[in-house]
Amino acid sequence: MEKRKYIEDIEAIKDMMDRSSKFISLSGLSGVLAGTFALIAAYLAYSTVYGGQDYMEYRKAVLTTGSLSKLLLIAISTIVLSIGCGIFLTTRKARKLNQSIFDKQAQLMLTHLAIPLITGGVLCVILLLKGGVALVAPLTLIFYGLALVNASKYAVDAMRTLGLIEIALGLLATWFLGYGLIFWAIGFGVMHIIYGIFMHLNDRP
Amino acid sequence: MKNILKDLNKAFENRVRLGIMSALMVNDSMSFKELKRLLDVTDGNLASHIKALEKKEYITFEKSFIDRKPNTSYSISKLGRLAFKKHVTAIENLLKN
């Protein structure tokens, strides 16, 4: 009889600790959408870089000024679409969980996410300008993974696992340098979709 | 069994007090407003529970001004941390039996 109350007490303690120190409102559905956008972007990037070449011959990555600006356009629209959907769906979920995306918890998570992410972003731009294009895909994976691991203390635990997987994929992509886009598609596309579905199913009502 | 029950702390029987203590265990400090939002209770209700915990010296507070508005932030005391840990251990032991 009493036992039930104490089980509920322990659950309440865990819930309060999580809700007061972590941002738990990240929407799983937005992960699925971001993953889908990433896959489309990877396909478009592939056809931009490798397009118009004979199927049977050895394929070379062709990077002209025209295709570079097209790649940038693809990248920017992917980012804007993913973040836009993310903010919209997360705000909706946060309202349900009585959190806000302007909470202290959300801010803590975002700062911890932003520091490695911006570092990696700037590094990749420098590499693009200095002609180290091949390393860009692996490095975006590695820095994104580091950012996730860093921010996971202020979010759900699964974020840490996702981060570690992204780091591993990034390192593999550095080893198999020519296959950057494939690893990128797995890391940002497939992994986000899996993670998103996992999060969505794990949601407490 | 008797011993375990003795370790259960009456001060934490109430859900709101349990919530305040849980939140302060994992946050350096929290303001009245943050606690209120988190626990979804009225001002008066929260204030009375905070007072009770203050009286026991489980939590401490610090008054300051943010943009000229008074702001009170609460932290858990050493005594409070110990008492809460003891309480949680007691519940866990109770559930094991």
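**Salt bridges and the A–B interface**

Let's start with one pair: the side chains of A:Asp15 and A:Arg19 meet in a salt bridge, 3.5 Å from N to O. By salt bridge I mean a side-chain nitrogen of Lys or Arg within 4 Å of a carboxyl oxygen of Asp or Glu. Why can these two meet? They sit four residues apart in helix α1 of chain A, so about one helical turn separates them. As for their surroundings, A:Asp15 is partly exposed at 24% relative accessible area, while A:Arg19 is buried at 14%. Buried here is under 20% relative accessible area, exposed is over 50%, and partly exposed lies in between, with a 1.4 Å probe and protein chains only.

Before I go on, a word on the model: it is predicted, local features need pLDDT of at least 70, side-chain atom pairs count only at pLDDT 80 or more, and totals for chains, interfaces and linings use all residues. Residues are numbered from 1 along each chain as its sequence is written, chains are lettered from A and ligands numbered from 1 in the order in which they are written, and side-chain values use heavy atoms, leaving out hydrogens and water.

Back to helix α1 of chain A, which covers residues 2-21. A:Arg4 forms a salt bridge with A:Glu8, and their closest N and O atoms are 3.6 Å apart. That pair is also four residues apart in the helix, about one helical turn. A:Arg4 is exposed at 61%, and A:Glu8 is partly exposed at 34%.

Then there is A:Lys5, which forms a salt bridge with A:Asp9, at 3.1 Å between the closest N and O atoms. Once more the two are four residues apart in helix α1, about one helical turn. A:Lys5 is partly exposed, with 26% relative accessibility, whereas A:Asp9 is buried at 1%.

Which residue of chain B pairs with A:Asp9? The partner is B:Arg15, and the closest N and O atoms are 2.8 Å apart. Salt bridges that share partners therefore join A:Lys5, A:Asp9 and B:Arg15 into one network. Between chain A and chain B the count is one salt bridge, and a search of the whole structure finds six over all chains.

Now the interface itself. 19 residues of chain A are in contact with 24 residues of chain B, where contact means heavy atoms within 4.5 Å. The area buried between the two chains is about 1,900 Å², and carbon and sulfur atoms give 60% of that. Buried area is the accessible area, with a 1.4 Å probe, that two parts lose on being put together, summed over both.

Finally, chain B on its own. What is the order of its elements? From the N terminus they run α-α-β-α-α-β-β-α, which comes to five helices and three strands. These are DSSP runs numbered from the N terminus: H or I of at least four residues for helices, E of at least two for strands. The C-alpha trace spans about 55 × 25 × 20 Å along its principal axes. Of the 97 residues in chain B, 42% are buried. Among contacts in chain B with a separation of 6 or more, 57% come from residues 24 or more positions apart.

That's my tour, and I'm happy to go back to any of these pairs on the screen.
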